[in-house]
Amino acid sequence: MRLRHDAPVVHASFDDPNLVSCAGLVPVIRLAQQPGLHDAVVDRVRLPTDKGVNPAGKVATIVAGMLAGADSIDDLDVARHGGMRSLFTSVYAPSTLGSFLRTFTHGHVRQLQAAARDTLIGLAGRAPILAGADVLTFVDIDSMLRPVYGKQKQGIGFGHTKVGGYNVYLRGYNPLVATLSTPLSAPVIAATRLRAGNAGSARGAASMITEAITTARACGATGEIVVRADSAFYAKTVINCCRRRGVRFSVTCRADAKIRATCDSIAADQWVDIKYPQAVWDEDAGRWISDAQIAETTYTAFVGTRNEVSARRLVRRIRRDDPQQIPGQEELVPTYRYHAVFTDSPFMLVQAEAQHRAHAIIEQVNADLIAGPLAHLPSGRFSANDAWLTCAAIAHNLTRAAGHLAAGAYGNARPATIRTRIVNVAARLAHRARTIHLHLPEHWPWQPAFDNLFTAVQTAPG
């Protein structure tokens, strides 16, 4: 692509009051209103002083900015350019929104989280964001360390993470995120909680799982529910929470000496080859040729305590190759890396192990949040950042619902893809007979998706 020299661009002026750069906010915000985001915030959130007036309009402005790509309070000004005031009311300045967020306390954040859950339940009735939940639903929980660089921020601490395979300690916050998904649908965020950077991963996990399970059932998850987590959540409180709520659990075991010893004791004929990355199907033998194998045993966790639990233990082993081994020469005693999972899943061995590996889907949710609203936690107030995290979850769920209504591959597309192709499309406003007509770019490559979404939200369901 090169600039045209026969018609060079010599001037640029920002003077058109009828242009908007994110016309896709029109159908997405209409989608937010239909399941009752505004009503939920009005009913749930009670903030003091004049800074807490009209919380619904201010929360909607923050969410709209996040939908358009804002990752800081100043970026929320994207909602006030050009003809946006002709399309939306109650649009607030970033300074007002910053004061609004700083008004939040922990109790007010919990009110906003309740409004976020109500909105997700409404979205589940409006779009098939949890298709197949009447058969099987997964609740995934994970934490992530978000580094910050302002030493005066409330609640920051040094937390452990891995960067490039190395263990490091970073100063920041430790958000906890729980998602809902099915084998047919991408994950939506059921609950969030902001914690200090030095908080243990499992702190508060049990109560958060309880919230996520309640939300899942309210969203129509009448079938089997499986809670999945990594080894950081291998704790009595998490397992007992799942048992009390009548759901299944699938949690990675910590690789301690006892686990490794019992894995080594599994007989050779119990291991089953599985389809793993780079596996090859052998037609003659009728099996996968892979360096990964799985087996199953019975295991009792937390022995000697009143929380003693017996369930299945699934073990995956992968051949550990010696980089100094001479090519063509076999090892006398092969060594393996083990990955053990403690579960009461009712599914067969191969299926249950593959389902647990799919827990990695929550890492994509974390990556989407980091690539969007959680690129920064913008305030110096801890509760303001917690409210920001909750708004980010609302924006994520709205993007997921919009993708489903846009149809095609957008039901599982990344939020960044939906933002680029559907939300951030420029338009010129034309006022005709007390209506507004959006003139969008000709030959827009993703016009069918925008049309599908725009048509789907024109009228309320029912």
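This report walks through a sheet, two helix features and two unusual loop residues in a predicted model.

## A three-stranded open sheet

Let's start with the strands. β3, β5 and β4 line up in that order to make an open sheet, and the pairing is antiparallel. The edges belong to β3 (146–147) and β4 (157–163); each has a single partner strand, so one side of each has no neighbour in the sheet.

How many bridges join β4 to β5? There are 7, with β5 covering residues 166–173 and the two strands running antiparallel. If you want a place to look, try Gly159, whose bridge partner in β5 is Leu170.

## Helix α6

Helix α6 takes in residues 106–126, which is 21 residues. From its first C-alpha to its last it reaches 30 Å, close to the 30 Å expected at 1.5 Å a residue.

Which residues of α6 are buried? Towards the start of the list come His108, Val109, Leu112 and Gln113, followed by Ala114, Ala115 and Ala116. Thr119, Leu120, Leu123 and Arg126 are buried too.

## Where α12 meets α13

Two packed helices are described by the angle between their axes and the distance between the axes. For α12 (residues 382–406) and α13 (residues 415–423), the angle is about 65 degrees and the axes are 10 Å apart. The crossing of this pair is left-handed.

Which residues make the contact? On the α12 side they are His396, Thr399, Arg400, Gly403 and Ala406, and they meet Pro415, Ile418 and Ile422 of α13. Sorted by class, the contact of α12 with α13 has 4 nonpolar, 3 polar and 1 charged residues.

## Two residues with positive phi

Now for a couple of backbone oddities. Most residues other than glycine have a negative phi. Phe302 has a positive one, near 55 degrees. You'll find Phe302 in the loop between β13 (292–301) and β14 (309–320).

His443 also has a positive phi, near 60 degrees. This residue sits in the loop between β17 (435–439) and α14 (447–456).

Is each of these residues buried or exposed? Phe302 has a relative accessible area of 16%, so it falls under the 20% cut-off and is buried. His443, at 68% relative accessibility, is over the 50% cut-off and therefore counts as exposed.

Conventions
Residues are numbered from 1 along each chain as its sequence is written. This is a predicted model: local features need pLDDT of at least 70, side-chain atom pairs count only at pLDDT 80 or more; totals for chains, interfaces and linings use all residues. Side-chain values use heavy atoms; hydrogens and water are left out. Two strands pair if DSSP finds at least two bridges between them. Helices (H or I, at least four residues) and strands (E, at least two) are DSSP runs, numbered from the N terminus. Axes are lines fitted to C-alpha atoms, for helices over the stretch in contact, and angles run from 0 to 180 degrees between N-to-C directions. A crossing is left-handed if the near helix is turned anticlockwise from the far one by less than a right angle, and right-handed if clockwise. Contact means heavy atoms within 4.5 Å. Ala, Val, Leu, Ile, Met, Phe, Trp, Tyr, Cys and Pro count as nonpolar, Asp, Glu, Lys and Arg as charged, and the others, Gly among them, as polar. The expected span of a helix is 1.5 Å times one less than its number of residues. Buried means under 20% relative accessible area, exposed over 50%, partly exposed in between (1.4 Å probe, protein chains only).
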